[in-house]
Amino acid sequence: MTISQQPQSGATTSMAPEGASQPVVQEMTYAEAVRAALREEMQRDERVFLMGEDIGIYGGAFGVTRGLFEEFGEKRVRDTPISEAVIAGSAIGAALTGMRPVAEFQFSDFMAIGMDQIVNQGAKIRYMFGGKAQVPVVFRGPLGSGTGAAAQHSQSLEAWFAHVPGLKVVLPSTPADVKGLLIASIRDPNPVIFLEHKVLYRQKGPVPVGEWQIPLGQADVKRTGQHLTIIALSIMVPRALAAAERLAQEGIEAEVIDPRTLRPLDEETLVESARKTGRVLIVHEAVLSGGFGGEIAARIAASRAFYYLDAPIVRLGGAESPIPFNPILEKRATPQEEDIYQAAHRLLQQQAV
């Protein structure tokens, strides 16, 4: 099976660079794509090893590392104590000695416990040693709501990490992206925060077989359009695409862009789309206040696209509340397809001040 190249309205962009042959792909889930990336990198480079709570025989809280312990053994797939500070510090130390650890946190919320090691050590070491030391470590963690895990296990804290120079921050939204971006992250000489939405683990899609990297800092235009731009993060990408399909039935063509990485950010792609459509809607699950959508809006407003905007930039984010345990309230607390659809309609009715 190969992926056809059809960069038209309503279609996703090609997986291969222009002029290159299309890769052979296999249908798999988002979780299987993570596992495939880990397996291939562990086979390719003996310095790559996994560490985290219950990632060995148990296979991880969401089953992502299932089977890797049996394949690579306890030295390459290491269960750790229930201490996120130890996980973060040990992974950074291992990276400094030439290893390439991939450290898993059961929930990305728990990265807060390892914040000192990640932010004050991992992110700073290369700078403080004048570039002579490298910290090639990946911190993986599931984020977001949708599983009834309640307030302490359902947050979207990507903006915390994007605020820190020295860290790279990645939020894949498709199985193909998660594989290509994870491989690129493992090979990167800098610490990477790799955030996987737990609801996306079940999503299926075509994933290139074998060697497949996506450069960090390269956004993807998931759907082309001319009437407005929807910039969506993580789980909001499929919801934005579903809303765009509804809009298309009304003759409204929305361009949907997935930044994929927040640090580095592909500002050029976002600015060019805003300039083209003149209207921008930014959607993320994280609480609106302090969310990364504000950073994207500020950069667009400060760019050449500002003079082409036909309406103020609109942000759509999570409620100013911890994530509720109740499934009905949980759904109400974060943007859904209908919310994106309605916000797009309101934006189309606005005029520039």
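**View 1. Ala232 stands opposite Val283, a residue of β13.**
This is a predicted model, in which local features need a pLDDT of at least 70, side-chain atom pairs count only at pLDDT 80 or more, and totals for chains, interfaces and linings use all residues. Residue numbers start from 1 along each chain as its sequence is written, and side-chain values use heavy atoms, leaving out hydrogens and water. β10 covers residues 228–232 and pairs with β13 in the parallel sense, over four bridges. Strands (E, at least two residues) and helices (H or I, at least four) are DSSP runs numbered from the N terminus, and two strands pair if DSSP finds at least two bridges between them.

**View 2. Here is the open sheet around β10 and β13, with five strands.**
Reading across, the order is β9-β11-β10-β13-β14, and the pairing is mixed. β9 (220–223) and β14 (314–318) stand at the edges with a single partner strand each, so each has one side without a neighbour in the sheet. On average, neighbouring strands of this sheet are turned by 25° against each other, direction ignored. Helix α12, residues 337–349, lies across β10, β13 and β14 and runs at about 145° to β13. Angles run from 0 to 180 degrees between N-to-C directions, with axes fitted to C-alpha atoms, for helices over the stretch in contact; contact means heavy atoms within 4.5 Å.

**View 3. A seven-stranded open sheet carries helix α7.**
Its strands follow the order β3-β2-β4-β5-β7-β6-β12, again with mixed pairing. β3 (77–79) and β12 (261–263) are the edge strands, each pairing on one side only. Here the average turn between neighbouring strands is 20°, direction ignored. Helix α7 (residues 175–187) packs on the sheet and touches β2 (48–52), β4 (100–104), β5 (138–143), β6, β7 (192–197) and β12. The direction of α7 makes about 160° with that of β7.

**View 4. At one edge of that sheet, β6 meets β12.**
Strand β6 (residues 168–170) runs antiparallel to β12, and two bridges join them. Val170 has Thr261 of β12 as its bridge partner.

**View 5. Two backbone details deserve a closer look: Pro264 and Asp54.**
Most residues other than glycine have a negative phi, and most peptide bonds are trans. The bond joining Arg263 and Pro264 is cis, with omega about -5°. Pro264 is found in the loop between β12 and α9 (267–277). Asp54, although not a glycine, has a positive phi of about 60°; Asp54 lies in the loop between β2 and α2 (68–72).

**View 6. The second largest pocket has 19 lining residues.**
A pocket is an open set of 1 Å grid points over the protein atoms alone where a 1.4 Å probe fits, with protein on both sides within 12 Å along at least five of seven lines; lining residues have an atom within 4 Å of a point. Gln155, Ser156, Leu157, Ala286 and Val287 lie nearest the centre of this pocket. α6 (158–162) and β13 (280–287) each supply at least two lining residues, and β13 gives the largest share, three residues.

**View 7. How confident is the predictor in this protein?**
The average pLDDT, the predictor's per-residue confidence from 0 to 100, is 93, and 93% of the residues score at least 70. Over residues 1–8 the pLDDT is below 50, and this stretch has 17 contacts in the model beyond near neighbours in sequence.
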